[in-house]
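Student: I would like to learn how to read the strands, helices and contacts of a model, one feature at a time. Could we begin with the pairing of strands?

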Amino acid sequence: MSVRTIGVVMNGVTGRMGYRQHLVRSVLAINEQGGVPLSDGGRVKLRPVLVGRNADKLADIAAKHEISDFTTELDSALADDDNLIYFDAQVTSARVKAVLKAIEAGKHIYAEKPTAESTQEAIALAEAATAKGVKNGVVQDKLFLPGLLKLKRLIDGGFFGRILSVRGEFGYWVFEGDWQEAQRPSWNYRSEDGGGIVLDMFPHWHYVMENLFGRIESVYARAVTHVPARVDEQGHTYQATADDAAYGIFELEGGIVAQINSSWTVRVNRDELVEFQVDGTHGSAVAGLRNCRVQHRSATPKPVWNPDLPATARFRDGWQEVPDNAEFDNGFKIQWEGFIRHVLEDAPFPNDFASGARGVQLAELGLRSSAEGRRIEVPQL
């Protein structure tokens with residue numbers, strides 16, 4: 001069995017997602033398992049080349065994981081012909097310039113979402129990659145969550161009959177940074193730095209809805225900043241200029257209506273940080289990160305509204321857990337393996353920059369809907 005090694009330039013690994021999910025749990029985990037298996041029986045290992053602005057942080061990460069290549073000079077990393085892939089997990093505001101530079105250098109591009117801050121820029125990235133002939137992909141990790149994989153299995157098996165509606169709840173309380181340290185970086189709350197929950201989460205909801213339920217035809221959203229002032233990493237109070245909560249209604253093809261709340265200012269009273277309830281003519285399901293519960297129409301109770309009497313039924317007891325029926329690996333790692341196969345043997349990879357642009361479009365239209373207070377149709381890109 002042949003084993004080859006390719007260089008992967010990783011820009012933004014000093015950030016939380018870039019480090020934990022992409023470097024440690026994906027690239028390094030792939031190498032620990034012996035590489036990405038290919039269709040010819042061979043394997044491919046990945047040689048990470050760490051890029052960032054802080055040399056000390058890069059050196060610490062490199063030493064901790066015995067990585068030999070790191071630099072603050074992106075140009076030098078892109079100049080190495082052995083580096084076939086460029087990965088970007090920087091702050092959104094820095095992404096377009098770096099990705100265009102990597103495209104010009106002829107690297108295949110894999111990037112976190114959103115791919116850009118505007119639809120125009122996201123389309124330009126997709127067009128530039130196509131013109132240069134480089135493979136391109138965008139991270140769409142939630143498609144590989146065990147809960148959503150089980151939900152997809154139910155859809156493919158016809159469990160729901162005709163799907164009527166989708167209701168999503170996502171979020172948790174992000175501390176303001178004064179008396180308890182915030183769990184998210186301060187740039188998330190500054191629109192000038194590419195922050196905001198709409199730009200962060202609507203691209204996620206786009207690919208979830210598009211892949212599971214159908215094309216989004218319209219959006220009506222209300223984006224708000226519930227907490228106007230926060231404290232940054234240096235202990236300085238700053239004004240939050242980006243939205244920290246968004247309430248959206250999406251009309252999908254086939255008459256499906258989706259309602260999704262996204263919030264960093266909500267305290268969790270549900271089983272998981274994100275849950276989707278899907279209701280259909282034949283049955284319903286509630287899917288989270290890992291678990292999925294169902295209720296078929298034959299087992300649906302017949303409640304009667306009577307506020308004068310206490311409820312005697314425990315409604316949650318009438319739902320059944322969907323079994324795993326499979327081994328679920330880390331979703332980020334699975335998608336990395338898929339992109340590597342896409343680059344090296346042209347395996348299908350539908351989550352490309354064009355898909356990423358549609359996600360940015362939904363975020364942009366969601367913000368516009370909120371500003372104008374109206375429903376907006378979503379044109380096809």
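Student: Which residue in β13 is the bridge partner of Ala 245?

Tutor: In this predicted model, the partner of Ala 245 is Ser 263 in β13. The pair belongs to a ladder of seven bridges in which β12 and strand β13 (residues 257-263) run in the antiparallel sense. Four residues lie between the two strands of this hairpin, and Gly 254 takes a positive phi near 85° there.

Student: What does β12 pair with besides β13, and over how many bridges?

Tutor: Strand β9 (residues 216-224) pairs with strand β12 (residues 245-252), again in the antiparallel sense, and this ladder has eight bridges. Within it, Tyr 220 has Ile 249 of β12 as its bridge partner. When you follow such a ladder, keep in mind that in a regular strand the side chains alternate between the two faces of the sheet.

Student: In what order do the strands of the sheet stand?

Tutor: The sheet is open, with nine strands and mixed pairing, and its order reads β17-β16-β15-β14-β8-β13-β12-β9-β18. The edges are held by β17 (320-321) and β18 (376-377), each of which has a single partner strand, so one side of each has no neighbour in the sheet. Elsewhere in that order, strand β8 (residues 163-171) and strand β14 (residues 274-280) run antiparallel and are joined by seven bridges, with Phe 170 standing opposite Val 274 in β14.

Student: Which helix lies across β13, and at what angle does it run?

Tutor: That is α7, which lies across β8, β9, β12, β13 and β14 and runs at about 145° to β13.

Student: How should I read the packing of two helices, and what are the values for α6 and α7?

Tutor: Two packed helices are described by the angle between their axes and the distance between the axes. For helix α6 (residues 146-156) and helix α7 (residues 197-212), the axes come within 11 Å and cross at roughly 25°, and α6 is therefore roughly parallel to α7. On the α6 side the contact is made by Leu 148, Leu 151, Lys 152 and Ile 155, which meet Val 208, Asn 211 and Leu 212 in α7; by class, the residues of this contact are five nonpolar, one polar and one charged.

Student: Are α5 and α9 roughly parallel or roughly antiparallel to each other?

Tutor: The axes of helix α5 (residues 119-132) and helix α9 (residues 353-372) come within 8 Å and cross at roughly 175°, and the two helices are therefore roughly antiparallel. An α-helix has 3.6 residues a turn, so residues three or four places apart point the same way. Here Thr 119, Ala 122, Ile 123, Leu 125, Ala 126 and Ala 129 in α5 meet a set in α9 that includes Phe 353, Ala 357, Val 360 and Glu 364. The residues of the contact of α5 with α9 divide into nine nonpolar, two polar and one charged.

Student: How far does α9 reach, and what follows just after it?

Tutor: With 20 residues, α9 reaches 28 Å from its first C-alpha to its last, close to the 28 Å expected at 1.5 Å a residue. Just after α9, Gly 373 takes a positive phi of about 65°.

Student: Which domains does UniProt place on the chain, and where?

Tutor: The unreviewed UniProt entry places "domain: Gfo/Idh/MocA-like oxidoreductase N-terminal" at residues 50-135, a span that is 47% helix and 16% strand. It also annotates "domain: GFO/IDH/MocA-like oxidoreductase" over residues 149-285, where the chain is 18% helix and 36% strand and the end C-alpha atoms lie 13 Å apart.

Terms used: Residues are numbered from 1 along each chain as its sequence is written. This is a predicted model: local features need pLDDT of at least 70, side-chain atom pairs count only at pLDDT 80 or more; totals for chains, interfaces and linings use all residues. Side-chain values use heavy atoms; hydrogens and water are left out. UniProt positions are given in the numbering used here, feature names are shortened, and annotations may be inferred rather than shown by experiment. Axes are lines fitted to C-alpha atoms, for helices over the stretch in contact, and angles run from 0 to 180 degrees between N-to-C directions. Angles under 35 degrees count as roughly parallel, over 145 as roughly antiparallel, 65 to 115 as roughly perpendicular and the rest as oblique. Contact means heavy atoms within 4.5 Å. Ala, Val, Leu, Ile, Met, Phe, Trp, Tyr, Cys and Pro count as nonpolar, Asp, Glu, Lys and Arg as charged, and the others, Gly among them, as polar. Two strands pair if DSSP finds at least two bridges between them. The expected span of a helix is 1.5 Å times one less than its number of residues.
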